[in-house]
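Grab a pencil and work through these short exercises with the structure open beside you. Try each task before you read its solution.

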Amino acid sequence: MSESNSLVSVYYERQVRAAVYLVLAFGLIWLACLFMRGSFPSVLRLVAPLFLLLAVLWLGFVVCCPQCKLRLVFHAMRSQSVNSWLRWVLETPSCLRCGHRVASASEL
Ligand SMILES: [Zn+2]
């Protein structure tokens with residue numbers, strides 16, 4: 001991911017990685033609660049999806065254009081199709097609103 005010059009990979013790689021780990025962790029806890037009912041406290045069945053949702057929302061608020069503060073995840077969810085919004089977020093090299101572009105390696 002660090003080889004590409006997308007906005008997310010340059011500015012928000014750590015945050016995206018943290019959100020992916022959180023979603024995986026809470027997703028697994030939630031699935032475990034659903035399929036192995038007696039093994040976990042029932043409160044986890046309610047709390048795990050809440051934290052999963054909060055991790056996605058947190059990422060949506062954190063990942064924004066450094067120049068105009070356009071929230072890239074929410075913008076992509078609104079403007080791209082269900083199948084392509086995540087790929088768009090991860091690969092877009094420039095902001096659609098202000099045109100801010102990641103400096104290439106030769107410009108740094
Ligand atoms: Zn922008």
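**Exercise 1. Helix 2, its buried side and its length**

Find the buried residues of helix 2, and say what they pack against.

Step 1. Helices are DSSP runs of H or I with at least four residues, strands are runs of E with at least two, and both are numbered from the N terminus.

Step 2. A residue is buried if 20 or more other C-beta atoms lie within 10 Å of its own, exposed if 12 or fewer, and partly exposed in between, with the C-beta atoms placed from the backbone. In helix 2 that picks out Ala 19, Phe 26, Trp 30 and Cys 33.

Step 3. Now look for their partner: these buried residues pack against helix 3. Contact here means that two C-beta atoms, placed from the backbone, lie within 7 Å.

Step 4. Check the length too. The expected span is 1.5 Å times one less than the number of residues. For the 23 residues of helix 2 this gives 33 Å, and the end C-alpha atoms are 33 Å apart, so the two agree.

Before going on, a word about the source. This is a predicted model, where local features need pLDDT of at least 70, side-chain atom pairs count only at pLDDT 80 or more, and totals for chains, interfaces and linings use all residues. Residues are numbered from 1 along each chain as its sequence is written.

**Exercise 2. A closer look at Cys 33**

Work out which residues Cys 33 is in contact with, leaving aside its neighbours within four places in sequence.

Step 1. Cys 33 sits in helix 2. It is buried because 20 other C-beta atoms lie within 10 Å.

Step 2. Its contacts are Phe 40, Leu 44, Arg 45 and Ala 48.

Step 3. Ala 48 is also one of the buried residues of helix 3.

Step 4. Compare with Trp 58: it is 25 residues from Cys 33 in sequence, and the C-alpha atoms are 24 Å apart in space.

**Exercise 3. The two sides of helix 3**

Decide how the buried residues of helix 3 are placed around its axis.

Step 1. The buried residues are Ala 48, Ala 55 and Leu 59.

Step 2. They cover an arc of only 25 degrees around the axis, so they lie on the same side of helix 3. The arc is that of the directions from the helix axis to the C-beta atoms.

Step 3. That buried set packs against helix 2 and helix 4.

Step 4. Turn to the face pointing away from the buried side, and you meet exposed residues Ser 42, Val 43, Leu 46, Leu 50, Leu 53, Leu 54 and Phe 61.

**Exercise 4. Helix 4 and its cover**

Which residues of helix 4 are buried, and what covers them?

Step 1. The buried ones are Leu 72, Val 73, His 75 and Ala 76.

Step 2. Seen down the axis, they fall within an arc of 165 degrees, so they line one face of helix 4.

Step 3. Their cover includes helix 1, helix 3 and helix 5 (85-91).

**Exercise 5. The nonpolar core**

Which elements give two or more residues to the largest nonpolar core?

Step 1. A nonpolar core is a set of buried Ala, Val, Leu, Ile, Met, Phe, Trp, Tyr and Cys residues joined through C-beta atoms within 7 Å.

Step 2. The largest has 18 residues, and those with the most contacts inside it are Leu 7, Val 8, Leu 59, Val 63, Leu 72, Val 73 and Val 89.

Step 3. The elements are helix 1 (7-11), helix 2 (13-35), helix 3 (42-62) and helix 4 (72-79). Helix 2 gives the most, with four residues.

Step 4. Pick Leu 7, in helix 1. Not counting residues up to four places away, it touches Cys 65, Leu 72, Thr 92, Pro 93, Cys 95 and Val 102.

**Exercise 6. An unusual phi**

Is Lys 69 buried or exposed?

Step 1. Lys 69 is in the loop between helix 3 and helix 4.

Step 2. It has 11 C-beta neighbours inside 10 Å, so it counts as exposed.

Step 3. Its phi is near 65 degrees, a positive value in a residue other than glycine. Most residues other than glycine have a negative phi.
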